[in-house]
Amino acid sequence: MVGHVGIEFLEASEGFIKGVMPVDDRTKQPFGLLHGGASVVLAETLCSVGAMLHIDAENQVAVGQEINANHIKSAKEGVVYGEARAIHLGKNTHVWETKIIDEADNLICISRMTVAIIPKKNKG
């Protein structure tokens with residue numbers, strides 16, 4: 001999905017991850033606006049990868065448990081930036097909030113995601 005919609009990761013640090021996604025034919029709905037589902041894909045991608053950076057990836061996996069999004073403003077062209085910040089980094093769950101803005105710093109979407117941290121199943 002990341003490659004299909006053109007998401008690129010720009011920055012990551014403790015409790016933070018930032019990425020960019022183009023607003024183009026891959027991410028627009030039929031009326032020429034950024035598809036709300038594409039915004040959710042960006043938010044879920046950032047939150048999931050952000051969570052993976054904060055767990056024991058050899059023994060655990062981070063999976064989306066719940067996500068919501070409020071679409072505030074539309075975007076028609078250019079790129080949008082997503083900035084995800086950890087609100088809670090627990091042993092079994094993480095909660096992340098993502099703000100998606102356009103190139104003019106307008107808030108396009110705000111999302112909150114709960115990530116379940118689960119043990120990897122043994123192969124065999």
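1. A word on terms before we start: two residues are in contact when they have heavy atoms within 4.5 Å of each other. With that in hand, take H54. Leaving aside its neighbours within four places in sequence, H54 is in contact with S13, E14, G15, L89, H94 and W96. Please keep in mind throughout that this is a predicted model.

2. Now for the overall plan. The chain has 2 helices and 6 strands, and along the sequence they come in the pattern α-β-β-α-β-β-β-β. The chain is as compact as a globular protein of its length, because its radius of gyration is 15 Å, close to the 14 Å that the globule rule gives for 124 residues. Taken along the principal axes, the box filled by the C-alpha atoms is roughly 45 × 30 × 25 Å.

3. A few totals are handy to have at your elbow. Of the 124 residues in the chain, 35% are buried. Among contacts with a separation of 6 or more, 60% join residues that lie 24 or more positions apart. The chain exposes about 7,100 Å², and carbon and sulfur atoms supply 50% of that area. As for charge, there are 12 positive and 15 negative charges, and their mean positions are 5 Å apart.

4. Back to H54, which sits in the loop between helix 2 and strand 3 (60–71). Is H54 buried, partly exposed or exposed? With a relative accessible area of 23%, H54 is partly exposed, since the buried class stops under 20% and the exposed class begins over 50%. The side chain of H54 also reaches the backbone nitrogen of G15 at 2.9 Å, and G15 is one of the contacts of H54 listed in the opening point. By contrast with that link, consider I67: H54 and I67 are 13 residues apart in sequence, and their C-alpha atoms are 19 Å apart in space.

5. H94 makes a good companion to H54, as the two are in contact. H94 belongs to strand 5 and counts as buried, at 2% relative accessibility. Which backbone atom does the side chain of H94 reach? The partner is the backbone oxygen of G90, at 3.4 Å. Not counting residues up to four places away in sequence, H94 touches A51, H54, I55, H88, L89, M113, T114, V115 and I117.

6. A51 follows on naturally, being among the residues that H94 touches. A51 lies in helix 2, and its relative accessible area of 0% makes it buried. Beyond residues up to four places away in sequence, A51 touches A62, H94, W96 and V115. A51 and G15 are 36 residues apart along the chain, with their C-alpha atoms separated by 8.3 Å.

7. If you are looking at T27, you will find it in the loop between strand 2 and helix 2 (36–52). T27 is buried, with a relative accessible area of 1%. Its side chain reaches the backbone oxygen of P22 at 2.8 Å. Setting aside neighbours within four places in sequence, the contacts of T27 are V5, M21, P22, L33, L34, H35 and A38.

8. K18 and D105 can be taken as a pair. K18 is placed in strand 2 (residues 16–22), while D105 falls in the loop between strand 5 (93–102) and strand 6 (107–119). How far apart are K18 and D105 in sequence and in space? They are 87 residues apart in sequence and 14 Å apart in space, C-alpha to C-alpha. Apart from its neighbours within four places in sequence, K18 is in contact with E8, F9, L10, E11, L46, Y81, G82 and E83.

9. D105 deserves a second look for its backbone. Its phi is near 70°, a positive value in a residue other than glycine. D105 counts as exposed, at 58% relative accessibility.

10. Last comes I118, a residue of strand 6. At 35% relative accessibility, I118 counts as partly exposed. Not counting residues up to four places away in sequence, I118 touches N59, Q60, V61 and V63. The C-alpha atoms of I118 and T93 are separated by 8.6 Å, with the two residues 25 apart along the chain.

Definitions and conventions. Residues numbered from 1 in each chain as written. Predicted model: local features only at pLDDT ≥ 70, side-chain atom pairs only at ≥ 80, totals over all residues. Heavy atoms only, no water. Helix = DSSP H or I, 4+ residues; strand = E, 2+ residues; numbered from the N terminus. Rg over C-alpha atoms; globule rule 2.2 N^0.38 Å. Buried < 20%, exposed > 50% of the residue type's maximum accessible area, 1.4 Å probe, protein only. Areas by Shrake-Rupley, 256 points an atom, 1.4 Å probe, with all protein chains shown as cover. Lys, Arg positive; Asp, Glu negative; His and termini not counted. Charge placed at Lys NZ, Arg CZ, Asp CG, Glu CD. Polar contact = N/O pair within 3.5 Å; in protein donor to acceptor, adjacent residues only side chain to side chain.
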